[in-house]
Amino acid sequence: MQTLSDLLVESNIFANREMLSPHYVPKRLIGRQKEINQIERAIAPALKGERGRNVFIYGLTGVGKTSCVRYVVDEVKNIPNTRAKITYVNCRIYSSRYKVLNKIISEHLPTYAKRGYGAVDLYEKLTNWIEEDSKILVIVLDEIDVIKDLDDLVYTLTRINSDIRAGGVAMVGISNKVSFKDSLDPRSISSLYESEIVFSNYNANELFEILKDRVSKGFRQGAVDDEVLRFIAATSAKSGGDARLSLKTLSKAGELSDENNEPKVTLERTREAVKLSEGDIVYDVVATLPEHQRLVLYSIALLTQAGGSYKKLTDGPDTYLFSGEIYSRYKSIAENLHKDPKGERWYRKYLYELSMQGLILTFESGKGIRGHTKLIKLLYPAEKIRDCIEKDVFGYPETSQVPN
Ligand SMILES: Nc1ncnc2c1ncn2[C@@H]1O[C@H](COP(=O)(O)OP(=O)(O)OP(=O)(O)O)[C@@H](O)[C@H]1O
Ligand SMILES: [Mg+2]
């Protein structure tokens with residue numbers, strides 16, 4: 001076991017561990033100049049005193065949306081004497097209309113925010129402040145899908161523009177959830193999606209460059225060979241092109257080598273690290289899934305463990321599941337937990353979301369197997385998925401009621 005004094009001994013591997021922390025915000029973003037420029041162009045009208053168009057930024061997890069937007073937010077904040085004001089809101093923390101309004105006020109009118117006013121007062125204060133010298137306020141809503149009363153928030157922010165005589169408000173929404181849009185009021189959709197920027201997944205080369213840059217900042221010279229980086233980049237590119245996952249794996253490989261007093265990160269340690277960080281990522285992804293989507297995933301994990309009827313039909317090694325059997329299992333689990341099961345239209349959406357998150361693979365069966373049906377395959381170990389849903393997400397007591 002390691003003692004504290006062991007941990008204080010200089011590392012063979014790391015030069016600056018901070019650089020690998022998930023909280024580290026890179027000052028230079030590798031290979032995202034085009035996207036940064038797109039965001040800058042979207043915000044440029046504000047700098048000229050015009051409202052411009054609202055923007056929606058979409059891309060899967062770990063593709064640099066938050067990093068690029070924060071980069072531009074800092075740029076705007078550093079411009080002196082401008083009437084363009086910008087507020088970055090992490091909606092995971094500020095998850096309702098009231099909290100968002102309060103956050104904006106607390107950033108720009110801090111003394112007012114402390115007084116516990118209601119939403120109407122905050123609204124008045126905000127509109128007066130914008131109007132007084134024709135400010136353009138850009139509100140960045142990161143992870144916007146988490147906001148509970150998003151239609152109300154969009155309505156309120158949009159209304160400011162018709163309520164004021166000078167100045168304006170522009171929104172920048174960010175999300176990694178594809179179909180959250182479907183739950184919104186059509187008016188909110190047309191406001192939020194006045195223009196759109198899509199971040200594509202990183203390919204292996206881009207991930208390699210990101211890793212390489214981080215190695216030069218955070219590792220000792222010669223501690224990590226390119227071969228190791230290529231391996232991590234290729235693995236992460238296959239599972240969704242997520243830079244966060246790549247960096248996590250790299251950091252873990254470094255820690256494993258360090259713990260074993262090795263002078264360099266080997267491929268063997270890197271393989272171990274890939275396995276470990278996949279587990280963490282599964283947990284992170286599962287923890288943020290909406291409740292019913294999680295139950296669908298849980299049903300898939302249970303059926304995968306049990307074998308599924310496809311396996312029984314074909315006697316093959318693969319555990320593909322029929323869409324229908326998953327839906328009936330999901331329904332019975334939901335009922336057992338006294339939750340109203342969602343209809344099939346929602347169910348199809350959930351499958352789509354799960355596949356976009358890289359948790360499952362879905363494909364059409366082709367002719368022969370029960371006519372034409374959708375087949376589903378779980379892409380992570382069923383045990384791991386089941387474990388993290390049971391342990392950390394529902395808590396044991398509820399699942400003890402779930403039939404196996
Ligand atoms: N182009 C890049 N150059 C350097 N580091 C990057 C780059 N893109 C992403 N990263 C790193 O990857 C991590 C994840 O990026 P970021 O948080 O911006 O992703 P995201 O698209 O906002 O993901 P999510 O949808 O999960 O919020 C960050 O910690 C950042 O350090
Ligand atoms: Mg983000």
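1. In this predicted model, five strands form an open sheet, ordered E2-E3-E4-E1-E5 and paired in parallel. The edge positions are taken by strand E2 (84-90) and strand E5 (195-198); each has a single partner strand, so one side of each lacks a neighbour in the sheet. On average, neighbouring strands are turned by 15 degrees against each other, with direction ignored.

2. One face of the description concerns a helix. Helix H7, residues 150-163, packs on the sheet and touches strand E3 (136-142) as well as strand E4 (168-175). The direction of H7 makes about 155 degrees with that of E4.

3. At the E5 edge, the pairing is with strand E1 (residues 55-58): the two run parallel and are joined by 4 bridges. One residue pair can be named here, since Tyr58 has Val198 in E5 as its bridge partner.

4. As for the division of the chain, domain 1 covers 33-198, domain 2 covers 203-287 and domain 3 covers 291-399. Between the C-alpha centres of domain 1 and domain 3 the distance is 37 Å. Domain 1 contributes 8 residues to the contact between these two, and domain 3 contributes 6 residues.

5. What area is buried between domain 1 and domain 3? The value is about 580 Å², and carbon and sulfur atoms give 58% of that area.

6. The specific polar interactions across this interface can be listed briefly. Between domain 1 and domain 3 the rule finds 0 salt bridges. The count of residue pairs in polar contact across the interface of domain 1 and domain 3 is also 0, with both residues required to be at pLDDT 80 or more.

Technical notes:
Residues are numbered from 1 along each chain as its sequence is written. Chains are lettered from A and ligands numbered from 1 in the order in which they are written. This is a predicted model: local features need pLDDT of at least 70, side-chain atom pairs count only at pLDDT 80 or more; totals for chains, interfaces and linings use all residues. Side-chain values use heavy atoms; hydrogens and water are left out. Two strands pair if DSSP finds at least two bridges between them. Axes are lines fitted to C-alpha atoms, for helices over the stretch in contact, and angles run from 0 to 180 degrees between N-to-C directions. Contact means heavy atoms within 4.5 Å. Domain bounds come from an automatic or database domain assignment. Buried area is the accessible area (1.4 Å probe) that two parts lose on being put together, summed over both. A salt bridge is a side-chain nitrogen of Lys or Arg within 4 Å of a carboxyl oxygen of Asp or Glu. A polar contact is a pair of N or O atoms within 3.5 Å; within protein, one must be able to donate a hydrogen and the other to accept it, and residues adjacent in sequence count only if both atoms are side-chain atoms.
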